[in-house]
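Visitor: I have a structure open and I don't know where to start. Can you walk me through it?
Guide: Yes. Here it is.

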Amino acid sequence: MSVKPLLVIVGSGPGVSSGITSKFGGNGFRIVLVARNAASLESRVKELHEQHIEAYGVPADASDSNSLKTAFSHIQSVYGTVDVLVYNAANIVPGDPLSLTERQLIDDFKVNTVGALTSAQQVIPEMIERKQGTLFFTGGTLALKPNPKYASLSVGKAALHSLAQSLTATLSPHGIYVGQVLIGGYVQKGSFYDPERIADIFWDLYTTQSQTEVVFEES
């Protein structure tokens, strides 16, 4: 009996990650959720179990590289090889460039961008060895059109967008697919930015690998 493929999502919560884990889990994936809040993890794992999806929670802080490295070491030793990594963590803190402090920018950047690199680097060596694997990044149109009221997040999403493009160029010769969805609005169930609609885009990118990024926004 073959082992189900494994998806790990860093930044588990009620929004985008909820849609992605239900979509991929419903299509035969095992799911590992990574987030700081243990109670939230337990609640979401229970929801997935009720959907008959095999799921587990591993606590970690996306702003702390050592915390992420420890979490991935545990995941790989207990659950095996990661087939799909989704980096969905973000610090969404309002503030224009005049009120934004250096410390806030650095702290947010650790979550919005640095954590993505750290997470990816934990799974890339095995993916290169197997010549297959998928990395996903939840981006934002702030990367292309900064919102001065969210200056720190705009900087982080721009850097994440650049990082994903660099990883695409670096990893595609090794058979690894890198994709990103740049979301243009507030994610809310029942809206244009419904988590299930966004999850459908991630699934389409995964199955077709026809493009490396999608800008998802209302026209």
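**Strands and helices in order**

Guide: Read along the sequence, the protein alternates as β-α-β-α-β-α-β-α-β-α-β-α-β. This is a predicted model.

Visitor: How many helices and strands is that?
Guide: The protein has 6 helices and 7 strands.

Visitor: And what are the overall dimensions along the principal axes?
Guide: The C-alpha trace spans about 60 × 40 × 35 Å along them. The radius of gyration is 16 Å, which agrees with the value near 17 Å for a compact globule of 219 residues.

Visitor: What share of the residues is buried?
Guide: Of the 219 residues, 46% count as buried. The accessible surface comes to about 10,600 Å², and 52% of that belongs to carbon and sulfur atoms.

Visitor: What about contacts between residues far apart in sequence?
Guide: Take the contacts between residues at least 6 apart in sequence: 68% of them join residues at least 24 apart.

Visitor: Let's pick one helix. How many residues does α4 have?
Guide: Helix α4 covers residues 102-130, which is 29 residues. From its first C-alpha to its last it reaches 41 Å, close to the 42 Å expected at 1.5 Å a residue.

Visitor: Where is the kink in it?
Guide: The kink in α4 is centred on Val-114 and is about 45 degrees.

Visitor: Which residues of α4 are buried?
Guide: Among them are Asp-108, Val-111, Asn-112 and Thr-113, then Gly-115 and Ala-116. Further along α4, Val-123, Ile-124 and Met-127 are buried too.

Visitor: What covers them?
Guide: The cover includes the strands β1 (6-10), β4 (84-87), β5 (133-140) and β6 (176-183). The helices α3 (65-78) and α5 (151-171) are also part of the cover.

Visitor: What follows α4?
Guide: Lys-131 follows α4, and its phi is positive, near 60 degrees. Lys-131 lies in the loop between α4 and β5.

Visitor: Why point out a positive phi?
Guide: Most residues other than glycine have a negative phi. Lys-131 is not a glycine, yet its phi is positive.

Visitor: Is Lys-131 buried or exposed?
Guide: Lys-131 counts as exposed, because its relative accessibility is 62% and the cut-off for exposed is over 50%.

Visitor: Which residue in the loop between α6 and β7 has a positive phi?
Guide: Gln-209, with phi near 50 degrees. Gln-209 sits in the loop between α6 and β7 (213-216). Its relative accessible area is 43%, so Gln-209 is partly exposed.

Visitor: New topic. How many salt bridges are there?
Guide: A search of the whole structure finds 6. One of them joins Lys-23 and Asp-200, with the closest N and O atoms 3.1 Å apart. That pair links distant parts of the chain, since Lys-23 is in helix α1 (residues 16-26) and Asp-200 is in helix α6 (residues 195-208), 177 residues apart.

Visitor: How accessible are those two?
Guide: Lys-23 is partly exposed at 27% relative accessible area. Asp-200 is also partly exposed, at 40%.

Visitor: Which salt bridge lies within α4?
Guide: The side chains of Arg-103 and Asp-107 meet in a salt bridge, at 3.2 Å from N to O. Both residues lie in helix α4, 4 residues apart, about one turn of the helix. Asp-107 is partly exposed, with a relative accessible area of 31%.

Visitor: One more, please.
Guide: Lys-189 and Glu-196 form a salt bridge through their side chains, 3.2 Å from N to O. Both Lys-189 and Glu-196 are exposed.

How values were computed. Residues numbered from 1 in each chain as written. Predicted model: local features only at pLDDT ≥ 70, side-chain atom pairs only at ≥ 80, totals over all residues. Heavy atoms only, no water. Helix = DSSP H or I, 4+ residues; strand = E, 2+ residues; numbered from the N terminus. Expected span 1.5 Å × (residues − 1). Bend = angle between axes of the 7 residues up to and from the residue. Buried < 20%, exposed > 50% of the residue type's maximum accessible area, 1.4 Å probe, protein only. Contact = heavy atoms within 4.5 Å. Salt bridge = Lys/Arg side-chain N within 4 Å of Asp/Glu carboxyl O. Rg over C-alpha atoms; globule rule 2.2 N^0.38 Å. Areas by Shrake-Rupley, 256 points an atom, 1.4 Å probe, with all protein chains shown as cover.
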